[in-house]
Amino acid sequence: MTFEPRVILAAFDGSTPPLVGTPPAWLERSWEDPDGFVAALTPVHTGRSPPFKSRAGQHHDFFHDLVVRHATTDRVALRSYSRTQGWRTLSYRHLHDQATRLATAWAGLGVKPGAKLCLLLPPGPDLMMALCAALGLGACVSLLPPGARTFVARRLAALAPQHIAAEPHQAPLLGPFAGTLLPLKTQVPPALASYTYKPTEAVGLLFSPLASPSDVPVPLTAGDAWRGALVDGLITFGLSPGDHLAAPGFAPLQHLPALYFTTLLRGATYLHVDPQDLEATPALLTEHPVRALGVTPGLRDLLARSRVTIKNVGLWFRDPQAPFDFQAWRDGLKACGLSSVPGGNVSVDATWGGAVLCSPRRVGEVHTDALPTPGRTWALRDFTNSGQDAVGDAGLFTPLPDEGRPPAHVVLARVRGQYHYAGAREPRREGRVFPFGEMSQVLREGPGPRLDAVGLAVPVSGMANAYRGVLLVFTGDLPPDVTVTDADIRRRLEQGLGADALPDRIERFALHARRVDSVVDGPVDEDWCRTQYLTGSLRMKSQDPLFQALTTLRARLEPR
């Protein structure tokens, strides 16, 4: 069958009744023929703008399609806010000039096509310029937020990058990779012949918080990145050239660089505001018209508390993996004026190039609908990790090809032909993995006394998909001059892994953790520790004089 763009766009723009029952034939066909689907949408996407150099399924020139096509316009690529400087803009013209200069300088320093280039930068103008420069050179890009020493060191060791772009003051974070540091400022005259990626070539090696384990880089192919950007810009977010897309509080490692690709390919503007700045001034979201606004539970509650009415928003979206509190969503959207704005569910995974699940937009409704995005091949697998398709109407949503990819975790359920988000295979925090293993590593290492730790996720009553992360910390018998408080533990975790990794609750026990097979210095028996905590045994033992004496005796026999 042929794809009719008019029918496809109308199905997702909120102007027609929502899809009910079996997915339409064009949608099922798009899952079977992604390249044909994208080829049919390409003329609509480009419109009157210069044509793409890329061809779906053949080759992809990201630098041309994302930057060069818009460089002669007055459009803004990025609008970002900081408390010290207020609103700043990065135009496509300036982005093109600076990214070309950077790429020229980096090429002179040995950056070649296929080189692993890590961007150790926070979201903002420097990251966008460095990303575009790397794409122009054909590099394989990785993103890491600076600041958390252990978090960065662990991932750099797994990645082994050949080049790193970071601010000079971040050099202490680089460790053995300090010699790979690239400059972010240069006055080299621009000269760049942009690189063309093959569809199966890796354009990125990304550390996704959705992947388990989350410290192993996952490849992003050029074909997935380009196809995802085109479909998301036109259908998922309904952007036009010059429109704003904002997703404040959405996890950067889960959503970038996909949201950058989406806005730049469309000639739109990415609007960046830190959640801390919104907490201080919620009205910042009213200062510029936003076509597509991502709303987290935190932003929803902030807007409801502050009584700020959001105007000039074309559509809003939420991640279906976030806790589903129907009453809170209904009241929050009504309080901030979004209940009359079309909205829906969008789940983004940057390692697949963009949105993997979405829903048609509805006015005044919060729901669990979650369709695989158009133009994406996928399967519904069973829960055994055997690769077998699900027999019933519920299974693991698995984008394809899945060979060598992290295990799928999203559970989709078919109800009368419609697909609904039905949770995750294991407890997660808004879809992201609880980094309990990395927390334990940080507490075992210095500075400070060595501590054993075990994590567990406890469901929160009254909300679907909501879990509270609890960290069990075993201090043993500490020397008289040494104390460990919850604040000490939080400080060590935040310095090592960042604020996002902090558990919701810390439980300290002046006991020694049980070891597997009782081997001294062996791995902690995590299942035993969790069971002991959930049954209350750890609390009782920590208050029992006999166990207190045994803990002290063991400390004397096995000094730290």
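## Two helices that pack

Helix α15 spans residues 436-444, and helix α16 spans residues 486-497. The two pack at an angle of about 110°, and their axes lie 10 Å apart. Angles of 65 to 115 degrees count as roughly perpendicular, so α15 is roughly perpendicular to α16. The crossing of α15 past α16 is right-handed. This is a predicted model.

Which residues of α15 and α16 meet? From α15 come Glu438, Met439, Val442 and Leu443. They meet Ile489, Arg492, Leu493, Gly496 and Leu497 of α16. The residues of this contact divide into 6 nonpolar, 1 polar and 2 charged.

## The sheet beside the helices

Strands β21, β22 and β23 form an open sheet, in that order. The pairing in this sheet of 3 strands is mixed. At its edges are β21 (452-459) and β23 (505-509), each of which pairs on one side only. Neighbouring strands here are turned by 25° against each other on average, direction ignored.

How do β22 and β23 run, parallel or antiparallel? They run parallel, and 5 bridges join them. Strand β22 covers residues 467-474. Phenylalanine 474 has phenylalanine 509 in β23 standing opposite.

## How the helices sit on the sheet

Helix α15 packs on the sheet and touches β21 and β22. The direction of α15 makes about 150° with that of β21. Angles over 145 degrees count as roughly antiparallel.

Helix α16 lies across β22 and β23. The angle between α16 and β23 is about 120°. Strand β22 thus takes part in two contacts: α15 touches β22, and α16 lies across β22 too.

## A second sheet, of four strands

Another open sheet has 4 strands in the order β17-β18-β19-β20. Its pairing is antiparallel. Which strands lie at the edges? They are β17 (378-381) and β20 (418-424), and each pairs on one side only. Neighbouring strands in this sheet are turned by 40° against each other on average, direction ignored.

Strand β19 holds residues 410-415. It is joined to β20 by 5 bridges, and the two run antiparallel. Which residue in β20 is the bridge partner of alanine 413? The partner is histidine 420.

## The two sheets in brief

Each sheet is open: one has 4 strands with antiparallel pairing, and the other has 3 strands with mixed pairing. The average turn between neighbours is 40° in the sheet from β17 to β20. In the sheet from β21 to β23 the average turn is 25°.

How values were computed:
Residues are numbered from 1 along each chain as its sequence is written. This is a predicted model: local features need pLDDT of at least 70, side-chain atom pairs count only at pLDDT 80 or more; totals for chains, interfaces and linings use all residues. Side-chain values use heavy atoms; hydrogens and water are left out. Axes are lines fitted to C-alpha atoms, for helices over the stretch in contact, and angles run from 0 to 180 degrees between N-to-C directions. Angles under 35 degrees count as roughly parallel, over 145 as roughly antiparallel, 65 to 115 as roughly perpendicular and the rest as oblique. A crossing is left-handed if the near helix is turned anticlockwise from the far one by less than a right angle, and right-handed if clockwise. Contact means heavy atoms within 4.5 Å. Ala, Val, Leu, Ile, Met, Phe, Trp, Tyr, Cys and Pro count as nonpolar, Asp, Glu, Lys and Arg as charged, and the others, Gly among them, as polar. Two strands pair if DSSP finds at least two bridges between them.
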